[in-house]
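Biologist: I would like a close look at one part of this model. Please take a pair of packed helices, and tell me about the cysteines as well.

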Amino acid sequence: MSANSILLDFSLDPARIIDEVSRKDIVRMCKENLEKYLTALKICYDMLTADGYLCILNETGTGTIVTIRFFEQGLITINVEYYRKDGDEPKISFDQIRELENNLVQKLKLNHGQSLPPLQRGPLTRYFPTADERVIEYDIDRVLFDKRSDFQKIQIVHSKSLGNMLVLDELQNIAEADLIYTETLMCRGAENYAGKEICILGGGDGALLYELLKEGPKHVVMLEIDEIVMQACNKYMNSICGDVLEKRTDENYEIIVGDCMVYLNKYIKEERKFDYVFGDLTDIPISDTPTGEIWDFIRLILECSFQVLKPDGKFMTHGNGVSCPESLRMYEDQLAKLTPKVSFTKSTAFVPSFMEEWVFYQVQREVANATESV
């Protein structure tokens, strides 16, 4: 089941919107053309607004609502919303929407028209935001897991092209098609993990732990706060996490369920050191300034991570999309403020389920004659 939204936009001479007779002719023509697909449309409300005119029509007996909005600057929007049961044919197909758009442009002599495929809104969420707050529609056909933990909303959904996908608080995290994400985060082939001590902060999907264990490390400890994320991924994301989430300890790894900051502080007191610390937690925020709770958390993670890293150890993390240069710059500004000084390199990869080029950071203490690679 879903609420379908059909969106059409038109531009025209602003004088035609200001003129009442012209405006009524446009509404009449829109109504006549819509009635080829929607029967017995009636105007149930209309009014002048501060920036133009609003007209609302409904289809008798179906609950379908049509909103026609005129903006005095020369824009008309038409929104059609109706409820669609599973298995029902759409009231207006995309081809018919395009036909409607073209007819209105020609008959009303409009400057420009644009239409979108029907947006399907409801329990089966198909739309997720990109890093720079664009909306992408995925080819999701079913929800496999949907539960709210004490920390977040957790969903596993299935995409026809990307496989199963982990979605946390309505944000796409990782899909079965995203091996490149994990391999770029760990710089596979460029870093030697054999015999190394590693700490993963977060990583509840199990993908990073699974791939690191293939590299022969001495020991990996993973600090994940949300047990339910691991349960969901263990059941539905085996192609990316294998069987590593089946148990919490093994001869070369340990999964600790808890707040990573509690354990980082514990390791600091114990003077425990690692060759690598992975920050597989929150993305770099999209914000005007590096302030607020998430930025404070990022700074705290950086400071504590370098206290548990060996002198030649590395902090590895994901950043955000290349479409967010200001946020990336602000993160690099935070790196520049760390004591002792650090240098960093960056890697990028196009992540299929993000549909974006993503940035990853490799950070280590600065050594003599080291130069920052940007």
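Modeller: What follows starts with the helix pair, turns to the cysteines and ends with two single residues.

This is a predicted model, so local features need pLDDT of at least 70, side-chain atom pairs count only at pLDDT 80 or more, and totals for chains, interfaces and linings use all residues. Residues are numbered from 1 along each chain as its sequence is written, and side-chain values use heavy atoms, with hydrogens and water left out.

Helices (H or I, at least four residues) and strands (E, at least two) are DSSP runs, numbered from the N terminus. Helix 8 covers residues 260-270 and helix 9 covers residues 293-308. They pack at an angle of about 30°, and their axes are 9 Å apart. Axes are lines fitted to C-alpha atoms, for helices over the stretch in contact, and angles run from 0 to 180 degrees between N-to-C directions. Helix 8 is therefore roughly parallel to helix 9, a term for angles under 35 degrees. The crossing is left-handed: the near helix is turned anticlockwise from the far one by less than a right angle.

Which residues make the contact (heavy atoms within 4.5 Å)? Helix 8 supplies C260, M261, L264, N265, Y267 and I268. Helix 9 supplies F297, L300, I301, C304, S305, Q307 and V308. By class, that is 10 nonpolar, three polar and no charged residues. Ala, Val, Leu, Ile, Met, Phe, Trp, Tyr, Cys and Pro count as nonpolar, Asp, Glu, Lys and Arg as charged, and the others, Gly among them, as polar.

Now the cysteines. A disulfide here is a pair of cysteine sulfur atoms within 2.5 Å. The count is zero. C187 is in none, and its nearest cysteine sulfur, that of C199, is 18 Å away. C260, part of the helix contact, is unpaired because its sulfur lies 8.1 Å from the closest cysteine sulfur, in C199, too far for a bond. C260 is buried at 6% relative accessibility, where buried means under 20% relative accessible area (1.4 Å probe, protein chains only). C187 is buried too, at 11%.

Two other residues are also buried. L213 lies in helix 5 (residues 207-213) and has 18% relative accessibility. Leaving out residues up to four places away in sequence, L213 touches V220, V244, N252 and Y253. The C-alpha atoms of L213 and N252 are 8.0 Å apart, with their positions 39 residues apart along the chain. S343 lies in strand 20 (residues 342-351) and has a relative accessible area of 9%. Beyond its neighbours within four places, S343 contacts Q362, V363, Q364, R365 and E366.

How values were computed:
Buried < 20%, exposed > 50% of the residue type's maximum accessible area, 1.4 Å probe, protein only. Parallel < 35°, antiparallel > 145°, perpendicular 65-115°, else oblique. Contact = heavy atoms within 4.5 Å.
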